[in-house]
Amino acid sequence: MSPAKARRGRLITPGRVFLAVALVGSIAFTAYVLTVRDASQIPLLAAGAAALGLVFLALAAYMLRSTWKAGVAARNGRAVVLGLGGGVAAIIGMRCLAGAMIGFLLARSG
């Protein structure tokens, strides 16, 4: 097996590990906040949505870089799938940030 073929396998990179831990952590925090029933629920939910939005936007940026690298390497199918996934991640991230802004405004007015 040539060294080029050995490098083509899926690698566990620090960026992937960081994104996976951040995604799981923010989803777990948001799930915890949904179970809390007190006056601090709205601000906590807004904070969880903000964290989740930032993680999804970081994921979208990571996928943008991966899309660029796949396009340069002439792996067109992979580039299209990564581009679509990155677009979906960006939409989810922006919706979470919009929900966080609304939640912060509700918590401030109440």
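**Close-ups of G93 and the chain around it**

**View 1. G93 sits in helix α4, which runs over residues 76-109.** This is a predicted model, so read the view as a computed picture. Is G93 buried or exposed? G93 comes out buried, because its relative accessible area is 0% and the cut-off for calling a residue buried is under 20%.

**View 2. Here are the contacts that G93 makes beyond its sequence neighbours.** Leaving aside residues up to four places away in sequence, G93 touches G53, F56 and L57. A49 is worth finding here too: A49 and G93 are 44 residues apart in sequence, yet their C-alpha atoms lie 8.9 Å apart in space.

**View 3. Zooming out, the protein chain has 4 helices and 0 strands.** Follow the sequence along and you get the pattern α-α-α-α. The chain is more spread out than a compact globule, because its radius of gyration is 18 Å, well over the 13 Å that the globule rule gives for 110 residues. Put a box around the C-alpha atoms along the principal axes and you need roughly 65 × 20 × 15 Å.

**View 4. This one is about contacts and surface across the protein chain.** How much of the chain is buried? Buried residues account for 26% of the 110 residues. Of the contacts with a separation of 6 or more, 66% link residues 24 or more positions apart. As for the outside, the chain exposes about 7,700 Å², with carbon and sulfur atoms supplying 73% of that area.

Notes. Residues are numbered from 1 along each chain as its sequence is written. This is a predicted model: local features need pLDDT of at least 70, side-chain atom pairs count only at pLDDT 80 or more; totals for chains, interfaces and linings use all residues. Side-chain values use heavy atoms; hydrogens and water are left out. Helices (H or I, at least four residues) and strands (E, at least two) are DSSP runs, numbered from the N terminus. Buried means under 20% relative accessible area, exposed over 50%, partly exposed in between (1.4 Å probe, protein chains only). Contact means heavy atoms within 4.5 Å. The radius of gyration is taken over C-alpha atoms; the globule rule is 2.2 Å times the number of residues to the power 0.38. Accessible areas come from the Shrake-Rupley method with a 1.4 Å probe; for residues, only the protein chains shown count as cover.
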